[in-house]
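Q: Please take a close look at one part of this structure and describe its setting for a first-year student. I should like to see how that part relates to its surroundings.

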Amino acid sequence: MSEKLRVGILGGTGMVGQRFISLLENHPWFQVAAIAASERSAGKTYEEAVGGRWKMMTPMPEAVKKLVVLNVNEVEKVAAEVDFVFSAVDMTKDEIRAIEEAYAKTETPVVSNNSAHRWTPDVPMIIPEINPDHVRIIEEQRKRLGTGYGFIAVKPNCSIQSYTPALKAWEEFEPYEVVATTYQAISGAGKTFRDWPEMVENVIPYIGGEEEKSEKEPLRVLGTCEDGEIKLAKEPVITCQCIRVPVLNGHTAAVFVKFRKKATKEELIEKLRNYRGLPQKLELPSAPKQFIQYMEEDNRPQVKLDVDYERGMGISIGRIREDFVYDWKFVGLSHNTVRGAAGGAVLCAELLKAKGYIGKKSDR
């Protein structure tokens, strides 16, 4: 424990909080030292607080069962137990913004799964393989918060993970217009089929707020960090529809792309397979060795066969075909609660540690 960073999980009893706890079991750098949740869970052991609501396929880790859950609103008390926190709290956006800043102001870095700070100008929104340089904006944020060490970093929406990496890999061909339809799993709503039986054999053609996020967030991720701010990418222009489908885990995207520069299918596939980001170069613990795989079969990627590629941290692309309206079209797949949620945040924290933004409080 002494060599590992002490991690707190804010909102640790919910589905994403549970995923954090599952992913951090036996992590080489991080160890769960505190779990915080609402007042009704505070004072109970984690096992008691979760009860029969454990939603992961693997058992609850023994190391957390007897941890006494803290009140997430007792910020100073929680912060004293940890080196940094992951945030997965279930509150209003205003409440989330306030509580994450409160933790940051205790000089406790916050790596958030929530959307509340994704458009705060000095908060980096990171897919570590795509825009690791955006962490530089943290220096501006610290000035605003009046902190020497504390800050907030966020990961983007789970829906964009299945197609934005391909757009980055193809940037030299200058994609400028994208039409995407995402087919999103029910775990993205924090549900299983047991507690959402209406989704069995059903499709719901609306997910509140998701289309706006899917159209706008890639432009921030693909943007540049200049003069103390994140400048949005002007292209590609993205229009999106987001549909809830009867799948537990895995967001699929059907995508059409126009490019300014001509590319062959072979060139597109080569760019995907050869794409490596900073996490691969640094060999971060949660980084997939192969970030993007291209699948040759006509009927791949499939959720049942491919969602756990690279322990759920990799992106699967298939069915690249020429299109008579757009230039090319493809299908993408990502694991929404691993790469798209807790796993993406864990990888972000690993990147921040590797770049010196997160460390042991006792070393400061």
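A: T45 touches K65, K66, L67, V68 and V69, where touching means heavy atoms within 4.5 Å and residues up to four places away in sequence are not counted. This is a predicted model, in which local features need pLDDT of at least 70 and side-chain atom pairs count only at pLDDT 80 or more, whereas totals for chains, interfaces and linings use all residues. Residues are numbered from 1 along each chain as its sequence is written, and side-chain values use heavy atoms, with hydrogens and water left out.

T45 sits in the loop between strand 2 and helix 2 (46-50); helices (H or I, at least four residues) and strands (E, at least two) are DSSP runs numbered from the N terminus. T45 has a relative accessible area of 16% and is therefore buried (under 20%; exposed is over 50% and partly exposed lies in between, with a 1.4 Å probe and protein chains only).

The strand that precedes this loop, strand 2, covers residues 30-37. Seven of its eight residues are buried, so strand 2 is largely enclosed by the rest of the structure. Strand 2 pairs in the parallel sense with strand 1 (residues 5-10), over six bridges; pairing requires that DSSP find at least two bridges between the strands. Within this pair, I9 has I35 of strand 2 as its bridge partner. Strand 2 also pairs in the parallel sense with strand 3 (residues 70-71), over two bridges. Here A36 has L70 of strand 3 as its bridge partner.

Helix 1 (residues 15-24) joins strand 1 and strand 2 in a right-handed β-α-β unit. Right-handed means that, with the strands pointing away from the viewer, the path from the first strand over the helix to the second runs clockwise.

The nonpolar cores complete the setting. The largest has 54 residues, and W170, L272, I320 and F330 have the most contacts inside it. Apart from that core lies another, of 43 residues, including L5, M15, A37 and A349. A nonpolar core is a set of buried Ala, Val, Leu, Ile, Met, Phe, Trp, Tyr and Cys residues joined through side-chain atoms within 4.5 Å. Among these residues, L5 belongs to strand 1, M15 to helix 1 and A37 to strand 2.
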